[in-house]
Amino acid sequence: MIGGLFIYNHKGEVLISRVYRDDIGRNAVDAFRVNVIHARQQVRSPVTNIARTSFFHVKRSNIWLAAVTKQNVNAAMVFEFLYKMCDVMTAYFGKISEENIKNNFVLIYELLDEILDFGYPQNSETGALKTFITQQGIKSQTKEEQSQITSQVTGQIGWRREGIKYRRNELFLDVLESVNLLMSPQGQVLSAHVSGRVVMKSYLSGMPECKFGMNDKIVIEKQGKGTADETGKSGKQSIAIDDCTFHQCVRLSKFDSERSISFIPPDGEFELMRYRTTKDIILPFRVIPLVREVGRTKLEVKVVIKSNFKPSLLAQKIEVRQNPMWFCALE
Amino acid sequence: MTDSKYFTTTKKGEIFELKAELNSDKKEKKKEAVKKVIASMTVGKDVSALFPDVVNCMQTDNLELKKLVYLYLMNYAKSQPDMAIMAVNTFVKDCEDPNPLIRALAVRTMGCIRVDKITEYLCEPLRKCLKDEDPYVRKTAAVCVAKLHDINAQLVEDQGFLDTLKDLISDSNPMVVANAVAALSEIAESHPSSNLLDLNPQSINKLLTALNECTEWGQIFILDCLANYMPKDDREAQSICERVTPRLSHANSAVVLSAVKVLMKFMEMLSKDLDYYGTLLKKLAPPLVTLLSAEPELQYVALRNINLIVQKRPEILKHEMKVFFVKYNDPIYVKLEKLDIMIRLASQANIAQVLAELKEYATEVDVDFVRKAVRAIGRCAIKVEQSAERCVSTLLDLIQTKVNYVVQEAIVVIKDIFRKYPNKYESVIATLCENLDSLDEPEARAAMIWIVGEYAERIDNADELLESFLEGFHDESTQVQLQLLTAIVKLFLKKPTETQELVQQVLSLATQDSDNPDLRDRGYIYWRLLSTDPVAAKEVVLAEKPLISEETDLIEPTLLDELICYIGTLASVYHKPPTAFVEGSRGIVHKSLPPRTGSSESAESPDAAPSGAPPSEQAAVIPTQGDLLGDLLNLDLGPPVSGPPVATSSVQMGAVDLLGGGLDSLLRSDVGGSPAMGGPGFTAPSAVMPANLGPPPSGGLGDLFDLAGGVGALSGSHVAPKTVWLPAMKAKGLEISGTFSRQVGAISMDLLLTNKALQVMSDFAIQFNRNSFGLAPAAPLQIHAPLAPNQTVEISLPLNTVGSVMKMDPLNNLQVAVKNNIDVFYFSTLYPLHILFVEDGKMERQMFLATWKDIPNENEAQFQIKDCPLSADAVSSKLQGSNIFTVAKRNVEGQDMLYQSLKLTNGIWVLAELRIQPGSPSFTLSLKCRAPEVSQYVYQAYETILKN
């Protein structure tokens with residue numbers, strides 16, 4: 001399991017160091033600094049093994065988070081944990097920056113003590129954590145409150161506390177899609193897929209049981225459980241989804257057996273699901289690059305973008321970026 | 001309030017100041033001081049001198065302050081064990097606190113203080129906390145047991161905490177279950193033998209229920225634990241798989257990967273004919289692809305695992321090539337991994353796209369990536385024959401760019417292409433030679449030299465080219481030196497007249513002026529070869545080389561199987577077993593995939609062998625003669641003795657095939673080799689030198705010794721001492737004892753006939769019943785003189801294997817009828833299988849690899865050979881005497897792995913992998929054969945040969 005967790009600034013100074021296991025010594029802190037942060041060549045893997053000690057790192061702006069271990073840990077779990085740690089910190093004090101970390105180091109230690117025990121990740125849902133790890137010092141809690149906290153932290157629904165009340169019950173749903181396209185220099189589409197996220201903001205009282213459907217039934221194309229579109233409003237085909245993943249509040253076994261997405265949502269904003277489709281993608285734009293080598297040191301690049309949607313629609317905030325490295329390669 | 005100011009206290013005498021502040025009466029000031037102490041501790045300052053003062057602050061109602069003090073304690077208690085005792089009272093008191101959060105905090109912190117005296121006091125509070133009414137305390141206490149075990153394992157066992165921990169697996173709270181599982185798994189890892197986790201269908205059911213309810217992390221603990229379980233049959237495996245598959249839709253990639261691990265492992269047990277098997281394969285692909293939309297670090301972990309999965313089960317992702325195309329903004333580590341997988345998935349169907357992509361990549365900026373892309377083009381050429389032409393022309397285009405590292409990389413792969421398609425693309429040699437001067441990397445230089453030497457007769461100025469390299473001979477790396485030596489010898493053998501001087505020069509450079517033993521030895525060998533017998537030298541040095549296989553960097557099958565059991569973990573990221581990077585006892589437990597259900601019988605240990613087969617040397621007299629009489633006399637009517645019940649129908653089919661008329665087809669399919677190999681000239685004679693003349697420097701040397709070793713094989717295989725087959729009292733005074741032997745390709749049955757009766761015996765004749773391998777007497781039993789009472793005659797009966805075939809049970813059972821002037825007697829005996837191992841049973845390396853891959857895993861059987869204190873080399877030579885040939889020897893993580901092949905008289909190949917742990921007298925033998933029934937008997941043969 002995770003033997004220790006360190007946070008460094010861009011210079012390699014330690015801001016936070018928490019050791020969970022006896023096999024990790026103070027020298028591990030320096031080993032990472034010397035071999036990764038100050039390495040002459042950019043490190044080419046997020047996992048580094050230095051003297052039989054493995055370091056996992058992620059970078060957020062100019063802050064390095066490193067988890068260290070001497071055992072054969074679940075690597076995917078360590079990275080997921082590091083991301084989660086970033087989420088939790090952001091939820092508590094905003095952007096992850098050197099200043100924010102220094103200002104909140106006591107809080108971070110408290111969090112690290114709570115969400116990692118002996119290197120095993122524990123409940124890391126901010127909703128639950130915020131009920132008992134607060135920046136205002138200790139609140140005097142009644143016995144009922146205490147047992148409510150502990151049952152929530154350890155219970156089946158760790159992401160939501162009981163007794164939430166809103167005068168107005170509201171639920172917002174955003175569907176954010178990003179179209180990814182890979183095109184050959186000849187303009188041929190090599191691969192295209194849409195990865196979508198369904199983000200929910202829930203302000204609901206109590207323990208609301210929610211159900212969510214896409215065109216009533218999600219068609220997982222690969223499993224051949226296709227059903228015709230039942231809404232029939234737009235007359236379109238039902239969506240062919242290649243794969244989807246869900247927030248931990250969704251009952252996966254129910255989804256697997258009945259194809260229904262049912263859940264008790266966390267309070268506030270969260271990402272309910274992600275999905276991926278590759279079929280029938282209508283690209284919003286067509287990009288036509290024209291590259292002409294004018295001379296040995298001169299290059300002319302013309303990029304034409306054509307919209308593929310109706311004139312009544314309007315695209316905003318369009319940004320075109322060009323990877324300058326690409327030109328070097330052309331030389 | 002900003003806490004960052006605590007990081008900037010650098011003045012002198014601050015320890016003294018802090019001391020004063022810590023002892024202040026004001027609570028606020030105290031807290032501030034402790035914060036400063038923690039900040040100093042973080043940046044690495046030694047603040048242990050403040051120990052008593054900080055501990056004094058422990059007694060407080062302020063939870064935040066308490067946590068800070070605890071943090072300090074965890075860091076420094078070890079260096080101040082005596083002082084740490086001061087804290088015990090507070091801990092014990094806190095463990096009784098009405099607030100569950102404080103109880104848990106105390107027990108959690110106490111477990112982190114690694115001081116013996118404190119540990120003693122921890123036991124009682126821990127016992128209470130394990131049974132606490134609050135789940136939060138219980139889940140913390142569960143982990144604490146693992147902490148305590150890490151400090152003092154004996155104490156944990158003595159105090160009975162392990163049992164309490166086991167009980168927690170049935171706890172009502174899912175998080176308690178998950179933590180208990182995590183703790184038990186960790187403890188079990190350091191006690192491989194203890195049956196701590198004791199997984200059984202009931203406890204598995206509990207875990208699967210908890211899986212639906214606990215946190216994402218808990219799900220990971222449970223799935224990782226499930227992966228260690230071995231279901232009892234395919235039905236149980238399937239039902240677990242069904243309950244695990246929903247996890248593939250979890251947002252947490254680690255949950256997904258752990259679920260994939262369980263499925264990949266249990267899938268081994270499912271029959272491929274099952275509908276469910278196909279469904280499962282289909283269900284695995286989408287989540288694996290989705291992992292590639294995760295953050296780059298996770299993508300990296302996922303790609304390293306997909307690399308393993310693609311090698312184990314290529315069918316899962318064969319249609320998903322496009323998702324592995326690199327994006328311009330992928331981090332370099334993701335790009336490199338994607339490239340690897342692209343090559344693995346390349347096939348005739350998608351090669352055009354792949355090649356177009358690779359060509360693009362070769363113009364990228366990152367040097368490593370470009371190199372890998374160029375190399376990938378070469379690998380495509382080797383893998384997909386149809387694309388070879390286009391790959392070569394792409395490589396030539398790239399050489400024209402004159403970018404130094406691109407040219408060098410291209411030359412290295414072109415050498416491999418020559419090895420795969422000899423005499424096809426030699427027209428490009430001229431272009432290659434133009435770039436001779438720009439080569440500065442040893443690998444590229446060596447490759448170029450190899451090409452020049454190999455095609456010396458077609459390159460007019462080959463001698464000049466090689467001579468130019470020779471000038472700086474001593475500055476070259478060993479790789480280049482060895483290659484240069486071989487190339488010049490080749491050149492000499494092809495154009496002896498003009499190059500005599502050159503070859504003498506290089507031989508003297510290699511033998512006299514070099515300190516490198518490899519180089520010197522190779523030089524001497526060439527020298528002697530050339531001086532004693534130039535014709536032989538030509539045959540050896542210019543021998544036809546075996547073709548290289550397409551997959552050059554496959555992970556060795558056993559390692560791959562082991563790594564599949566570690567999906568998601570560091571081992572799968574490093575592609576190394578945990579023993580390679582984990583210190584101490586942890587992770588030493590060797591994991592392996594469950595055996596296929598079909599072969600479960602042969603995989604059992606010999607003691608539990610079905611039908612209780614008697615040891616092979618012991619003869620069994622058949623009591624009921626009547627039944628057998630029919631068998632022997634009406635050779636065609638005898639119903640086959642029913643074999644041991646075989647689990648799946650496919651295996652049953654194979655059995656019939658093997659022993660019925662299907663022999664021919666078996667033979668043919670073996671000689672034809674695996675379809676993956678293909679290509680012309682594949683059925684190279686086995687006399688061809690098996691190794692390569694390519695870069696690996698020791699190749700040539702090993703070959704020569706190999707040839708020498710082959711001679712020893714003629715001495716004949718192991719012969720067991722004679723045993724009594726037919727006791728005198730059962731055969732009216734005739735006692736027959738005997739054994740089987742094989743000498744220089746001839747099998748014989750060595751018999752000792754003793755007349756213990758009072759009358760003279762004469763008119764001997766012998767006949768065999770039909771048997772599994774068609775053993776039959778090659779000549780009549782020749783006993784010329786009558787056998788007088790108390791006289792013994794020794795006779796060797798030559799046997800052949802062209803008799804009628806019928807499957808026997810056991811497979812090596814031989815029923816014999818002996819007739820004399822008195823009566824006909826019947827007995828049966830078991831012959832050791834190694835008499836059937838033929839002399840040309842040595843398989844070529846490449847073919848071995850291909851065949852091993854080609855034989856389905858369910859045909860693999862594993863055995864243990866115990867108490868055999870031989871070294872790998874001794875084993876190898878001993879087995880070679882009985883026609884079990886070592887194809888390759890490798891050392892993997894300190895273990896010697898012998899890859900061996902043998903062929904039976906009926907053309908069945910058996911491939912073996914023998915794992916030898918130095919210092920341990922037990923070997924692990926894995927056998928793979930298209931006819932898995934023979935494995936059991938091959939194993940017995942191994943056992944017999946090695947122990948005699």
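Student: Why is α12(B) called roughly antiparallel to α13(B)?

Tutor: In this predicted model, helix α12 (residues 201–211) of chain B packs against helix α13 (residues 216–226) of chain B at about 150 degrees, with the axes 9 Å apart. Angles run from 0 to 180 degrees between N-to-C directions, and the axes are lines fitted to C-alpha atoms, for helices over the stretch in contact. An angle over 145 degrees counts as roughly antiparallel, under 35 as roughly parallel, 65 to 115 as roughly perpendicular and the rest as oblique. The two helices are therefore roughly antiparallel. Helices here are DSSP runs (H or I, at least four residues), numbered from the N terminus.

Student: Which residues make the contact of α12(B) with α13(B)?

Tutor: B:I204, B:L207, B:L208, B:A210 and B:L211 of α12(B) meet B:Q219, B:I222, B:L223, B:C225 and B:L226 of α13(B), contact being heavy atoms within 4.5 Å. By class, nine of these residues are nonpolar, one is polar and none is charged. Nonpolar covers Ala, Val, Leu, Ile, Met, Phe, Trp, Tyr, Cys and Pro; charged covers Asp, Glu, Lys and Arg; the others, Gly among them, are polar.

Student: What makes α22(B) and α24(B) oblique to each other?

Tutor: Helix α22 (residues 404–420) of chain B and helix α24 (residues 442–454) of chain B pack at about 40 degrees, their axes 8 Å apart. That angle falls in none of the named ranges, so the pair is oblique. The residues of this contact comprise eight nonpolar, one polar and three charged.

Student: How do you know that B:D368 forms a salt bridge with A:R44?

Tutor: The closest N and O atoms of B:D368 and A:R44 are 2.9 Å apart. A salt bridge needs a side-chain nitrogen of Lys or Arg within 4 Å of a carboxyl oxygen of Asp or Glu, so the pair qualifies. B:R108 and A:D113 also meet in a salt bridge, at 3.1 Å from N to O. Ten salt bridges are counted between chain B and chain A.

Student: What is the area buried between chain B and chain A?

Tutor: About 8,400 Å² is buried, and carbon and sulfur atoms give 57% of it. Buried area is the accessible area (1.4 Å probe) lost on putting two parts together, summed over both.

Student: How are residues and chains labelled, and which are counted?

Tutor: Residues are numbered from 1 along each chain as its sequence is written, while chains are lettered from A and ligands numbered from 1 in the order written. Local features need pLDDT of at least 70 and side-chain atom pairs 80 or more, whereas totals for chains, interfaces and linings use all residues, and side-chain values use heavy atoms, without hydrogens and water.
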